[in-house]
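Grab a pencil and work through the exercises below. Try each task yourself before you read its solution.

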Amino acid sequence: MYDRMFFTPVAVSVGAGHKRMIASLSDMHELLTEFPPSRRRLSYGAAVKACEAARAGEISAEAARDALITFAVTAGVLWPAEQQIISVKPVARGYGGFAA
C-alpha cells in the first residue's frame, strides 16, 4: 500500500517548543501510536479510526486530516498558526520621504 499524502500538512507540538509536520497517513499513524496513553481522550479514538479507514480507502485522506486536527486541538498539541499582520501603524515621514 502506498502512503497517501495530505494536501496541507498539520503542524503539532512534540516536546518543549519542537514542531513536527504530519504530512501523510503514515506520519499520522506514527504520531498516534507514539502518543502517551495517559493523554488519550475520545478524539484520539476517532482519529485512529479515521486513519485506519483512510488507509483502507474507505474515506479520503483529508477527512482523516480533519480528525487529526480535532484530536490535536483537544489534546492541546496543535501548533499555533502564524498570524498575519492585520494593520500597520503609519510612520511619520520627513520632507525627504524617508522614515524619520
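**Exercise 1: S43 and its partners**

S43 is found in helix α2; helices (H or I, at least four residues) and strands (E, at least two) are DSSP runs, numbered from the N terminus. A quick note before we go on: this is a predicted model, where local features need pLDDT of at least 70 and side-chain atom pairs count only at pLDDT 80 or more, while totals for chains, interfaces and linings use all residues. Residues are numbered from 1 along each chain as its sequence is written, and side-chain values use heavy atoms, with hydrogens and water left out.

Task: Is S43 buried or exposed, and which residues is S43 in contact with, leaving aside its neighbours within four places in sequence?

Solution:
- Step 1. Learn the cut-offs: buried means under 20% relative accessible area, exposed over 50%, partly exposed in between (1.4 Å probe, protein chains only).
- Step 2. S43 has a relative accessible area of 15%, so S43 is buried.
- Step 3. Leaving aside neighbours within four places in sequence, S43 touches T70, F71 and T74; contact means heavy atoms within 4.5 Å.

**Exercise 2: Over to T74**

Task: Which helix holds T74, and what does the side chain of T74 make with the side chain of S43?

Solution:
- Step 1. T74 sits in helix α3, residues 61-75.
- Step 2. T74 counts as exposed because its relative accessibility is 51%.
- Step 3. The side chains of T74 and S43 make a polar contact of 2.6 Å. That term means a pair of N or O atoms within 3.5 Å; within protein, one must be able to donate a hydrogen and the other to accept it, and residues adjacent in sequence count only if both atoms are side-chain atoms.
- Step 4. Now look at Y44: it is 30 residues from T74 along the chain, with 9.0 Å between their C-alpha atoms.

**Exercise 3: Two helix pairs**

Task: At roughly what angle do the axes of α2 and α3 cross, and at roughly what angle do those of α1 and α3 cross?

Solution:
- Step 1. Axes are lines fitted to C-alpha atoms, for helices over the stretch in contact, and angles run from 0 to 180 degrees between N-to-C directions.
- Step 2. The axes of α2 (residues 42-55) and α3 come within 8 Å and cross at roughly 165°.
- Step 3. Angles under 35 degrees count as roughly parallel, over 145 as roughly antiparallel, 65 to 115 as roughly perpendicular and the rest as oblique. α2 and α3 are therefore roughly antiparallel.
- Step 4. For α1 (residues 25-34) and α3, the axes come within 11 Å and cross at roughly 30°. So this pair is roughly parallel.
- Step 5. On the α1 side, L25, M28, L31 and L32 make the contact, and on the α3 side A64, L68 and F71 do.

**Exercise 4: R20 and the whole chain**

Task: Which side chains make polar contacts with the side chain of R20?

Solution:
- Step 1. Find R20 in strand β2, residues 19-24.
- Step 2. The R20 side chain makes a polar contact of 3.1 Å with that of E30, and one of 3.0 Å with that of E34.
- Step 3. Zoom out: the protein has three helices and two strands, in the order β-β-α-α-α along the sequence.
- Step 4. Check the confidence: mean pLDDT is 84, and 79% of the residues reach 70 or more. pLDDT is the predictor's confidence in each residue, from 0 to 100.
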